[in-house]
Amino acid sequence: MIIGASFGAVINPLIIPVAVLGSTAPDWLEYVLKIFGYRVKHRTVTHVLVYWLAAIAFFKLVIDYRAIGLGFAIGGFSHVIADSFTIAGVPFSPTSDARFHLFGGKLRTGNAGEYVVAGIIALLCAGWIHLSPASFKNAPTLETSGFLPFFYDWKKEYDSGVVDGAEWRENRLKFI
Ligand SMILES: [Zn+2]
């Protein structure tokens, strides 16, 4: 979820909620498919890397509504990328038997290394956003009026008189 949110934030902070939803999708989609009677093995059809890449390309290039599809697909992609750090890996394409691994697939689910990897990716994404603030404004399908939910600029709110000093003091160190 951290990685999904980070990837989403790079595109546009407004899509973070749907990116977080997408970041768990490859796993809960397995249950959805089971409800419909499909026999799904864990980390197979819903974890195919090229499917999620195709979904990103589709929502980015063909059709989307307020970047909801794009955010969801980026979340799903982040999940598959995160799973590719594990020993089992993920399928690269539906036709290949080879499993896709990143960094040698050294990570075990539930291990402290997961938090390290998630933290590093979050920092890289934060650095990316910091170095290219234009990414916040270049979201053609969303209207951004300078107000970003989840990322309040408390100093600006204080300067413009929206919040008082007490509220600024209380919140100034909350970054999200
Ligand atoms: Zn998974």
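This tour moves through a predicted model, stop by stop, naming what to select and what is found there.

**Stop 1: the zinc ion**

Begin by selecting the zinc ion. Which protein residues are its donors? They are Asp27 and Asp83, each through OD, together with His47 and His79, each through NE2. These donors lie 2.1 to 2.4 Å from the zinc ion. Read along the chain, the donors follow the spacing D-x19-H-x31-H-x3-D.

With the donors displayed, turn to the angles at the metal. The 4 donor atoms subtend angles of 85 to 172° around the zinc ion, which makes the arrangement irregular. A tetrahedral site would need all angles between 85 and 135 degrees, and the range here reaches 172°.

**Stop 2: His79 and Asp83 in helix H5**

Next, select helix H5, residues 68-83. Two of the zinc donors, His79 and Asp83, are found in this helix. They are 4 residues apart, so about one helical turn separates them.

Are these two residues buried or exposed? His79 has a relative accessible area of 9% and is buried. Asp83 is also buried, at 11%. Buried residues are those under 20% relative accessible area, so both values place these donors in that class.

**Stop 3: from Asp83 to Arg43**

Keep Asp83 selected and add Arg43. These residues form a salt bridge, with 3.2 Å between the closest N and O atoms. The bridge links distant parts of the chain, as Arg43 is in the loop between H3 and H4 while Asp83 is in helix H5, 40 residues away. In general, side chains of opposite charge can pair when their charged atoms come close. Asp83 therefore appears twice on this tour, as a donor of the zinc ion and as a salt-bridge partner of Arg43, and its relative accessibility of 11% counts as buried.

Arg43 itself is buried as well, at 12% relative accessibility. Its backbone deserves a look: phi of Arg43 is near 55°, a positive value in a residue other than glycine. Most residues other than glycine have a negative phi.

**Stop 4: Arg66**

Now select Arg66, in the loop between H4 and H5. Phi of Arg66 is near 50°, a positive value in a residue other than glycine. In accessibility, Arg66 counts as partly exposed, at 39%, whereas Arg43 counts as buried.

**Stop 5: the salt bridge in helix H7**

How many salt bridges does a search of the whole structure find? It finds 2. One of them is the pair of Arg43 and Asp83 already visited. For another, select Lys155 and Asp159, whose closest N and O atoms are 2.8 Å apart. This pair is placed in helix H7, residues 154-159, and its members are 4 residues apart, so about one helical turn lies between them. Both Lys155 and Asp159 are exposed, while Arg43 and Asp83 count as buried.

**Stop 6: a nonpolar surface patch**

Switch to a surface view and select Leu21, Trp28, Tyr31, Val32, Ile35, Phe36 and Tyr38. Together these residues make a nonpolar surface patch of about 810 Å². Which element contributes the largest share of the patch? Helix H3, residues 25-35, does, with 4 residues. Tyr38, another member of the patch, is located in the loop between H3 and helix H4 (49-61). Its relative accessible area is 53%, so Tyr38 is exposed.

**Stop 7: aromatic rings**

Keep Trp28 from the patch, and add Trp52 and Phe72: these three form one aromatic cluster. The structure as a whole holds 6 aromatic pairs. Among them is the pair of Phe58 and Phe59, with ring centres 5.3 Å apart and planes at 75°, so the pair is edge-to-face. Planes over 60 degrees apart fall into that class. Both rings belong to partly exposed residues: Phe58 has a relative accessible area of 39%, and Phe59 stands at 27%.

**Stop 8: Ile11 and Ile129**

Finish by selecting Ile11, in helix H1 (residues 2-11). This residue is partly exposed, with a relative accessible area of 31%. Then add Ile129. The two residues are 118 residues apart in sequence, and their C-alpha atoms are 8.9 Å apart in space.

Notes. Residues are numbered from 1 along each chain as its sequence is written. This is a predicted model: local features need pLDDT of at least 70, side-chain atom pairs count only at pLDDT 80 or more; totals for chains, interfaces and linings use all residues. Side-chain values use heavy atoms; hydrogens and water are left out. Donors are N, O and S atoms within 2.8 Å of the metal (3.2 Å for Na, K and Ca); water is not among the atoms, so sites may look incomplete. Four donors count as tetrahedral if all angles lie between 85 and 135 degrees; four count as square planar and six as octahedral if opposite donors are over 155 degrees apart and all others between 65 and 115; anything else is irregular. Helices (H or I, at least four residues) and strands (E, at least two) are DSSP runs, numbered from the N terminus. Buried means under 20% relative accessible area, exposed over 50%, partly exposed in between (1.4 Å probe, protein chains only). Patches are made of residues with over 30% relative accessible area and no salt bridge: like charges are joined within 9 Å, nonpolar side chains (Val, Leu, Ile, Met, Phe, Trp, Tyr) within 5 Å. Accessible areas come from the Shrake-Rupley method with a 1.4 Å probe; for residues, only the protein chains shown count as cover. A salt bridge is a side-chain nitrogen of Lys or Arg within 4 Å of a carboxyl oxygen of Asp or Glu. Rings of Phe, Tyr and Trp (its six-membered ring) pair if their centres lie within 6.5 Å; planes under 30 degrees apart count as stacked, over 60 as edge-to-face and the rest as tilted.
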